[in-house]
Amino acid sequence: MAAIEFQGVSKVFPDGTLAVDGLDLAIDEGEFMVFVGPSGCGKTTALRMVAGLEEITEGEILIGGRVVNDVTPKDRDVAMVFQNYALYPHMTVEANLAFGLKLRGIRRDEIRRRVHGAAETLGLEEQLERKPSALSGGQRQRVAMGRAIVREPQAYLMDEPLSNLDAKLRVQVRAEIQSLQRSLAVTTIYVTHDQTEAMTMGDRIAVMQRGTLQQVDTPERVYSLPTNRFVAGFIGSPAMNMVEARLTRENGVPTVCFGAHRLALDDELLASRSGLLDYEGKTVVLGIRPEHLEDAAFAPDAPPERTISTVCALRETLGSEVLVHFAAVEPAPDREVVSLADATAFVARVDPQTAATEGAPLRLVVDTRRLHFFDPATGLAVY
Amino acid sequence: MSVSGPRRAGTRHRARRTPLTWVRGGGLTTVLFLLPMLFVFAAFSWYPIVRTVLMSLQHTNLVQAPTWVGLQNFREVLQDPLLPIAVKNTLEFALLALIFGYPIPLAAAVLMSEVRKRGGIYSALAYLPVVIPPVVAVLLWKTFYDASSTGVFNSVLARIGLGPYPWLQSPHMAMPSLVLESTWANAGATVIIYLAALTAVNPELYEAAAVDGASLWRKVWHITLPQLRTILLVTLILQIIATAQVFLEPYLFTSGGPNNSTLTVLLLIYNYAFGNSLGGDYGKATALSLMLAVVLALFSLAYLRATRSWSTK
Amino acid sequence: MRRRRRTPTAVRTGGLVTTADWRRPGVRFGLGSTQALLLIALVVFGLGPLLWLAKSAITPTNDTISHPMAFFPHGFAWSNLTQAWTNVDVGRYFWNTIVIAIGSWLVQIVVATTGGFALSVLRPRYGGVIMGFLYVTLFVPVVVLLVPLYIEIVHPPLIHHTFIDSYWAIWLPAGASAFNVVLVKRFFDNLPREVFEAARIDGASPFRLFWSVALPMSKPILGVVSVFAVLASWKDFLWPLLVLTNPDKQPLSVRLPTIQSQTELGVFLAALFIACIVPIVAFLVFQRSFLRGSGLGGAIKG
């Protein structure tokens, strides 16, 4: 099992597009690393460079300590699972699984052992004689994974393998992939645009945007300590609420003001965000996750400096939770509010028992230990 | 918590393109794959094209090396009294073929596209003559055109009191007879092309027109024909180019007669090069081929430019 | 195992005539009768000559000469066919035609698949240049090649051996069909890239990519190319005429005109009929490939 390392890797396409810009990243042996980001962020290109399907314009990629820039895909000893499965349509499942092994000259009985082993692990024993066109989407996906498993490679590379499955199947296969990877302990790079997948599956996640690595860390730390606005807004669903605010001091207490609301900053918060002191008296971007807002009816002891009063504009009942939309900043009184988009709209995730109704006043309690702040100019988080 | 830091110095790695990396990168294999195609094309397509141009400026006999004669071949061809006859005949053939072979397949295709059941048999019947080897078709029709009163066509026409006609033996009837056979043998292909284009017309256009109250004729005029405009223009020029190069019919039916009334440009070229009386003059043959090719190319260019404003795209 | 359904190429109603239209008696009668007339016309004019040929192939010559439209007034003459096959040696020329067709087909398949594969999957940097040269040949009328190609066969450069009367003179030039290469290349372009990438990661060399992945997946297009290759070869006349001077080696299309002067009409017509059988049968069996390839591949849709 090998570590995979990116050293200053860049990719420029012939038409001039800079797809990956100076990527530096080290992946440990046996680690499940997720590349996540919006489409076009370079995650798939980075993956394909590891596979050898894209030429590396600048920098080096190392697999197992060996520079592989000029090594052909077949000699890199990696296996890839494609988004559209890329199964050989004219071969049976068994032939699909055996193809790569045959090319490497592995002995017939060894091939059979590996193919049947993988088929058993993936529940494909019944399908071995069938052709891909006779399989369901989920089955085809399993064959694609089986093709990677039988190779017993140094690393698995997975390019959005779940995106073509329906939602229910996706959850199921997600769990299967995770348990599989844990038991096989193979270094894996997994590319996805779905941040839920990233958060649930990765040992570490690497968030990318426009070709650059924004942050790489464990899911928990990326969630609670995002490095910039982009990461903060990308991770977490519904997305973090953000608004321009001013930091002031009222009665000696550091306070953040936005719209008509004021929130006192917790000591605990200030201890971990010492950089905030530089922003006193200035504007800053305030971020509050929807899950850190709660209907005040369920936290009656909350002090007023942690409460905001507003009006519920929209209520979405999801069964397990309720999402309440409200305007954090009311527009100037003389401007007509045509839609929620005119005001800075916030979302709060509140207890499903809430009595909040559309159009009625609403009081929300903010967990001020979990506020996030970002520099308005650079977008970097303030800690 | 880590963030992408500054690029580490000293890790620049640009792949250098040397002959060795090209070979390793599979360049040699690619050339190997391309070899059959490149060989065949170089030997039997590109080289001959170049040689045609060269030979038109040379005098070639198969024994000695060719000699350069400048534009003499071209001059001799242009002064040949047979040339204007051949050109006239070729134009006559092309025009007649156009009159018969262009609108009829279109009408047939429109009718066929609306057949509700067993449409396949229409296509098969229409295309069948196209599948017959042209030699067979010509020889068969040559039998039909037997000028005696018991010839096939003559005996059929006799039943309704017409004929007997001399067909291929008359300088006036020979060319139309050729056109008739040529249309029979080739119209089917055009029908199929039109059919494919007709079925590609979006049915919703017709439905919208029907709701708007358009009659059948209106629909054909305002929807079918405009939608088909591109393909109509393409088949028109393709047909003109093909008929301008007609060879088989004049060769097999009448050998250019009677009285050179079916002598076409291609037949003249053939006679220059391989004919018994004139043959062996490769210079004139290539010169005339070149002139024909240039004329067709210029015609195509003019045609494309003229129709660019009319076509739908 | 899925059974291949053999449906004749069905023509969808284009929608020009709606179901409401068909209900109107005027339309039903007018259009219906026009279509019926069309069918009759197609049968009479399209099929008629061929039926006459079939009939006359087994009619004694005298009957065909004196009463061409009569229907077996004096019985059949199957001997026409056997005579054509043996006495006039149509059998041998039939065989020649087959040999020529197979050779041409093979050369065309090899050239088109290797070339199309290299241009589409291997994608060299100079691919565009090659495509350009290919397209140029599409626009050059065939007549331009005729004389130099003939000279080249008679006196090949570099090789001191003529190729007149050799089947290679027909097989090799047949491969120079830009149409085939473009067709196959376009087909490979439309295959999912990822299957090839997966094979590369699995460790396939370019030869393996070609043999185990590209070729098996290209059966549909090879079908179209094959049908047209064989048919074009069967119909070819002028080139074999020029290049094969030895009558024993000539294909049917070249011999048939001379046969006419060597034998009686009935036997000659039988020979013509024999020459038709293969194309007609091939057409009836492979209708779909024929008609699909002939619709210009739907390339000029709307």
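These are my notebook entries on a few spots I looked up in this structure, which is a predicted model.

**Entry 1: the A/C contact**

I started with how chain C meets chain A. I count 14 residues of chain C in contact with 17 residues of chain A. On the chain C side, the elements that give two or more residues are α10 and α11. Of the elements there, α10(C) gives the most, with 7 residues. I also sorted that side of chain C by class and got 8 nonpolar, 1 polar and 5 charged residues.

**Entry 2: helix α10 of chain C**

Since α10(C) came up, I went through the helix itself, residues 193-202. How many of its residues are buried? It is 7 of the 10, so the helix is largely enclosed by the rest of the structure. I noted the buried ones as C:Val195, C:Phe196, C:Ala198, C:Ala199, C:Arg200, C:Ile201 and C:Asp202. So what covers them? From chain A, the cover includes α1 (43-51), β6 (78-81) and α2 (93-103). From chain C, it includes α5 (90-122) and α11 (206-217). Just after the helix I find C:Gly203, with a positive phi near 110 degrees.

**Entry 3: α2 of chain B against α5 of chain C**

α5(C) is part of the cover over α10(C), and I also looked at how it packs against chain B. Its partner there is helix α2(B), residues 27-55. I get an angle of about 135 degrees between the two helices, with their axes 8 Å apart. That makes α2(B) oblique to α5(C); the cut-off for roughly antiparallel is over 145 degrees. Left-handed or right-handed? The crossing is left-handed.

From α2(B), the contact uses B:Thr30, B:Phe33, B:Leu34, B:Pro36, B:Met37 and B:Val40. From α5(C), I listed C:Val110, C:Val111, C:Thr114, C:Gly115, C:Phe117, C:Ala118 and C:Leu122. By class, this contact has 10 nonpolar and 3 polar residues, and no charged ones.

**Entry 4: domains of chain B**

Next I checked how chain B is divided. Domain 1 covers 19-56 and domain 2 covers 72-312. Their C-alpha centres lie 36 Å apart. The two do touch: 4 residues of domain 1 and 7 residues of domain 2 take part in the contact. On the domain 1 side I find 2 nonpolar, 2 polar and no charged residues.

**Entry 5: backbone oddities in chain A**

Last, I went hunting for unusual backbone angles. Most residues other than glycine have a negative phi, and most peptide bonds are trans.

I flagged A:Asp77, which has a positive phi of about 60 degrees although it is not a glycine. I find A:Asp77 in the loop between β5 (66-67) and β6 of chain A. Is A:Asp77 buried or exposed? It counts as buried because it has 20 C-beta neighbours inside 10 Å, and the cut-off is 20 or more.

I also flagged A:Tyr85, with a positive phi near 70 degrees. A:Tyr85 sits in the loop between β6 and α2 of chain A. A:Tyr85 is buried too, with 24 other C-beta atoms within 10 Å. I note that β6 borders both loops, the one with A:Asp77 and the one with A:Tyr85.

Then there is a cis peptide bond, from A:Ser237 to A:Pro238, with omega near 0 degrees. I place A:Pro238 in the loop between α8 (229-234) and β11 (241-250) of chain A.

Notes
Residues are numbered from 1 along each chain as its sequence is written. Chains are lettered from A and ligands numbered from 1 in the order in which they are written. This is a predicted model: local features need pLDDT of at least 70, side-chain atom pairs count only at pLDDT 80 or more; totals for chains, interfaces and linings use all residues. A residue is buried if 20 or more other C-beta atoms lie within 10 Å of its own, exposed if 12 or fewer, and partly exposed in between; C-beta atoms are placed from the backbone. Helices (H or I, at least four residues) and strands (E, at least two) are DSSP runs, numbered from the N terminus. Domain bounds come from an automatic or database domain assignment. Ala, Val, Leu, Ile, Met, Phe, Trp, Tyr, Cys and Pro count as nonpolar, Asp, Glu, Lys and Arg as charged, and the others, Gly among them, as polar. Axes are lines fitted to C-alpha atoms, for helices over the stretch in contact, and angles run from 0 to 180 degrees between N-to-C directions. Angles under 35 degrees count as roughly parallel, over 145 as roughly antiparallel, 65 to 115 as roughly perpendicular and the rest as oblique. A crossing is left-handed if the near helix is turned anticlockwise from the far one by less than a right angle, and right-handed if clockwise.
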